[in-house]
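Hi everyone, thanks for making time. Please have the viewer open while I talk, and stop me whenever you like.

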Amino acid sequence: MSKIYTIVKFPEPVLLAPAAEVTVFGTDKLRQLIEDMFATMYAARGVGLAAPQIGIARRITVIDCALDEQPPERLVLINPEIIATEGEQTGEEGCLSVPGFRAEVTRAMRATVRAQDAEGQWFERSGTELLARAFQHEIDHLNGKLFLSHLSALKRDVIKRKIRKLQKDGEW
Ligand code: NI
């Protein structure tokens, strides 16, 4: 059984602070949390989810960029870091913690991450296009950064103002 968590939204403080390293591996608790993160991400129809987005300030993220008609491609990155990037891509990006808002964000076209799995084993993985974007977006989350921080101050303020209005109207 997996649990579907409520996804926390901007500007919850847990989304805006760096998350702590995971130091204990190979436990049922960690495996269950990962299952629950995938279940929560699929339920929200996202391609990536970071633990701070469910209120847990730990450096864990799950990613699955396979499209609906493809078999799932589940990736778990614990304590991940980007060790190489190449090129540039600009495209629309959204975030489950900023629902209803999308904006153009420039990211590296290719990224290589080094991360640990649920057992604590280190591995490296490279991705391009959407997967590279997911690596960068999710690792930003673990550093307390949202895609909003990649926008111009003007665009960011427009979105923040709209969110404040939604909050005031009880719709956020
Ligand atoms: Ni996000």
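Let's start with E93 and R107, whose side chains meet in a salt bridge, at 2.6 Å from N to O. The two are 14 residues apart, and the bridge links distant parts of the chain: E93 sits in strand β4, residues 89–94, and R107 in strand β5, residues 102–107. Please keep in mind that this is a predicted model. Are these two partners buried or exposed? E93 has a relative accessible area of 3%, so it counts as buried. R107 comes out at 5%, so R107 is buried too. The pair also belongs to a network of salt bridges that links E93, R107, R133 and D140.

Two members of that network, R133 and D140, bring us to helix α2, since both are among its buried residues. Helix α2 covers residues 129–142 and has 14 residues. From its first C-alpha to its last it reaches 20 Å, close to the 20 Å expected at 1.5 Å a residue. Why call α2 largely enclosed by the rest of the structure? Twelve of its 14 residues are buried, so that description follows. Besides the two I named, the buried ones include F135, H137, E138 and H141. Just after α2, G144 takes a positive phi of about 75 degrees.

Back to charges for a moment. How many salt bridges does the count come to? The count is ten. One of them joins R31 and E119, at 3.2 Å from N to O. R31 is in helix α1, while E119 is in the loop between β6 and β7, 88 residues apart. Relative accessibility is 34% for R31, so R31 counts as partly exposed. For E119 the value is 47%, so E119 is partly exposed as well.

Helix α1 has another such link: R74 forms a salt bridge with E35, with the closest N and O atoms 2.8 Å apart. Here R74 comes from the loop between β2 and β3, and E35 from helix α1, 39 residues apart. R74, at 40% relative accessibility, counts as partly exposed, and so does E35, at 36%.

Now for the nonpolar side. The largest nonpolar core has 16 residues, and those touching the most other members are I34, M37, L49, I60, V62 and I78. Which elements supply at least two residues each? They are α1 (28–43), β2 (60–63) and β3 (75–86). The largest share, six residues, comes from α1. Take M37 as an example: leaving aside residues up to four places away in sequence, M37 touches L49, A50, A51, I54, I60, T61 and V62.

Last, the rings. A search of the whole structure finds two aromatic pairs. In one of them, the ring centres of F38 and Y42 are 6.0 Å apart and the planes are at 25 degrees, so the pair is stacked. F38 and Y42 are four residues apart in helix α1, and therefore separated by about one helical turn. Their surroundings are worth a look: F38 is buried, at 1% relative accessibility, whereas Y42 is partly exposed, at 34%.

There are charges over rings to show you as well. R114 lies over the face of W122, at 4.1 Å from the ring centre. K3 lies over the face of Y5, at 4.3 Å from the ring centre.

That's my tour, and I'm happy to take questions.

Terms used:
Residues numbered from 1 in each chain as written. Predicted model: local features only at pLDDT ≥ 70, side-chain atom pairs only at ≥ 80, totals over all residues. Heavy atoms only, no water. Core = buried A, V, L, I, M, F, W, Y, C linked by side-chain atoms within 4.5 Å. Buried < 20%, exposed > 50% of the residue type's maximum accessible area, 1.4 Å probe, protein only. Contact = heavy atoms within 4.5 Å. Expected span 1.5 Å × (residues − 1). Phe/Tyr/Trp six-rings, centres within 6.5 Å; stacked < 30°, edge-to-face > 60°. Lys NZ or Arg CZ within 6 Å of the ring centre and 35° of its normal. Salt bridge = Lys/Arg side-chain N within 4 Å of Asp/Glu carboxyl O.
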